[in-house]
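Student: I have a model open and want to work through its contacts, pocket and sheet. Can we take it step by step?

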Amino acid sequence: MAGNINRQILLRSRPHGPPSLDNFELTETPMPEPGEGEVLMRTLYLSLDPYMRGRMSAAKSYATPAAIGRPMVGGTVGEIVKSRNPKYSVGDTVLGYGGWQEYALSNGAGLRKLDPTVAPVSTALGVLGMPGMTAYVGLLEMGQPKPGETVVVAAASGAVGSVVGQIAKIKGCHAVGIAGGAEKCRFVAGELGFDACVDHRAPDFAKQIEAACPKGIDVYFENVGGAVQQTVWPLLNDFARIPVCGLIAQYNATTPMPGPDMFSVLRKRLVLRGFIVSDFAAKQADFLRDVSEWVRTGRLKYREDIVDGLEKAPASFLGMLQGKNFGKMLVRMAT
Ligand SMILES: NC(=O)c1ccc[n+]([C@@H]2O[C@H](COP(=O)([O-])OP(=O)(O)OC[C@H]3O[C@@H](n4cnc5c(N)ncnc54)[C@H](OP(=O)(O)O)[C@@H]3O)[C@@H](O)[C@H]2O)c1
């Protein structure tokens, strides 16, 4: 333990438009001591996720905003270093919600023990964690993909999108990814085995996505919104399904962005349904069983983008909102 100091990154102010480094503050506080029933966790990995942009804002949402002057919220994998909770022993590795800090207290609620022999523990924040489960339930429960259908997903090299397209392939679909830049597209189509991947920054993006989907689109897994959504929308087939997972292209918008063509929702009888991964908590055992097996047998690959040190969290988070991450964005704080 590095002395008696706990380094934290606090939310200092709320952004209007794109967040900046000024919204965060690195601080040092005394190491907390666990009370009766509590554990002290040393953070090994901190997950950086797009939803955190929403928590920085006070706007009405499905979750409470992060508090000003408090550590930013976030999922973590940590090691128990002190325990006054009979369910956890020193040395246990746990998935929790420790936030942007090197050490965190927990009363044990919501912690899940991890077995490092099953998979690298960092995967509990990515492919075998919340993003993987989001892809699994969003595609299978809401997208209802059938063999031979075309599934399109943007942010396709990222934590959620990479899993969506690979499950689509496992289910016998034509999987088309959309990603920012040639290198990400090569990875998605080459390494991950999507049928095609199109660069949304290419000047002829609209033409390329149309060519990649010769039979139109049956499932558009909505990860980004914005210009990508506008381009993809006319390619939707009748009875297409659109699991609305995220709208990262719009998270920094200060005025409403143009929405989808609602007339086509009616005319094509589209099913458009928003969801939050926690709506499907009952599916977690199915998710862990299936995706662990697919990862173990190499049918489903994953990529992590790891930076070292808590102080890198703010810049890495801002970079992720601009597409600078390549794979699941994680901060490693200790090993
Ligand atoms: N509903 C839920 O419960 C739930 C749960 C988890 C995640 N989500 C949502 O799922 C989406 C993906 O999250 P993730 O964790 O997998 O992140 P990620 O894909 O690993 O990282 C974010 C990616 O978004 C892409 N992006 C950013 N701005 C964009 C823009 N203007 N147009 C197109 N793409 C843009 C970038 O990829 P490129 O460089 O390829 O453009 C960037 O790398 C987010 O919208 C997130 O909020 C929802």
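Tutor: Start with a cut-off: buried means under 20% relative accessible area, exposed means over 50%, and partly exposed lies in between. Keep in mind that this is a predicted model.

Student: Is Lys82 buried, exposed or partly exposed?
Tutor: Buried needs a value under 20%, and exposed needs one over 50%. Lys82 has a relative accessible area of 27%. That value makes Lys82 partly exposed.

Student: Which residue does Lys82 meet in a salt bridge?
Tutor: Side chains of opposite charge can pair when their charged atoms come close. For Lys82, the N to O distance in the pair is 2.4 Å. The partner counts as exposed, at 52% relative accessibility. The partner is Glu33.

Student: How many residues apart in sequence are the parts that this pair ties together?
Tutor: Lys82 sits in strand S4, residues 76-83. Glu33 sits in the loop between strand S2 (24-30) and strand S3 (39-47). So the pair links parts whose separation in sequence is 49 residues.

Student: How many salt bridges does the structure hold?
Tutor: The Lys82 and Glu33 contact is a salt bridge. Asp286 and Lys283 form a salt bridge too, with their closest N and O atoms 4.0 Å apart. The number in the structure is 15.

Student: What separates Glu293 and Arg296 in helix H8?
Tutor: These two form a salt bridge, with closest N and O atoms 3.2 Å apart. Glu293 is partly exposed at 35%, while Arg296 is exposed at 63%. Both belong to helix H8, residues 284-296, and they are three residues apart. The separation is therefore about one helical turn.

Student: Which residues are joined into one network by salt bridges that share partners?
Tutor: Asp286 and Lys283 form one salt bridge. Asp286 is partly exposed at 26%, and Lys283 is partly exposed at 27%. Shared partners make a network of Glu141, Lys283, Asp286, Arg289 and Asp290.

Student: Now the second largest pocket. Which element gives the most to its lining?
Tutor: The volume of this pocket is about 360 Å³. Its lining has 26 residues, with Arg70, Gly98, Gln101, Ala104 and Leu105 nearest the centre. Strand S1 (5-11), S2 and strand S6 (103-106) each give two or more residues. With four residues, the top contributor is S6.

Student: How many residues of that lining are nonpolar?
Tutor: Split the lining by residue class. One residue is charged and 10 are polar. The nonpolar count is 15.

Student: Which are the edge strands of the open sheet of six strands?
Tutor: The order is S10-S9-S8-S11-S12-S13, with parallel pairing. An edge strand pairs on one side only. Direction ignored, neighbouring strands are turned by 15 degrees against each other on average. The edges are strand S10 (196-199) and strand S13 (271-274).

Student: Which residue in S12 is the bridge partner of Val219?
Tutor: Strand S11 covers residues 217-221, and strand S12 covers residues 236-244. They run parallel and are joined by two bridges. The partner of Val219 is Arg241.

Student: How many residues of helix H2 are buried?
Tutor: Helix H2 spans residues 130-143 and is mostly covered. Its buried residues include Met133, Tyr136 and Leu140. Just after H2, Gln144 takes a positive phi of about 50 degrees. The buried count for H2 is 12 of 14.

How values were computed. Residues numbered from 1 in each chain as written. Predicted model: local features only at pLDDT ≥ 70, side-chain atom pairs only at ≥ 80, totals over all residues. Heavy atoms only, no water. Salt bridge = Lys/Arg side-chain N within 4 Å of Asp/Glu carboxyl O. Buried < 20%, exposed > 50% of the residue type's maximum accessible area, 1.4 Å probe, protein only. 1 Å grid on protein atoms, 1.4 Å probe; cavity = no way out; pocket = protein on both sides within 12 Å on 5 of 7 lines; lining within 4 Å. Points joined across faces, edges and corners; volume = space filled by probe spheres on them. Nonpolar A, V, L, I, M, F, W, Y, C, P; charged D, E, K, R; others polar. Pairing = 2+ DSSP bridges. Axes fitted to C-alpha atoms, helices over the stretch in contact; angles between N-to-C directions.
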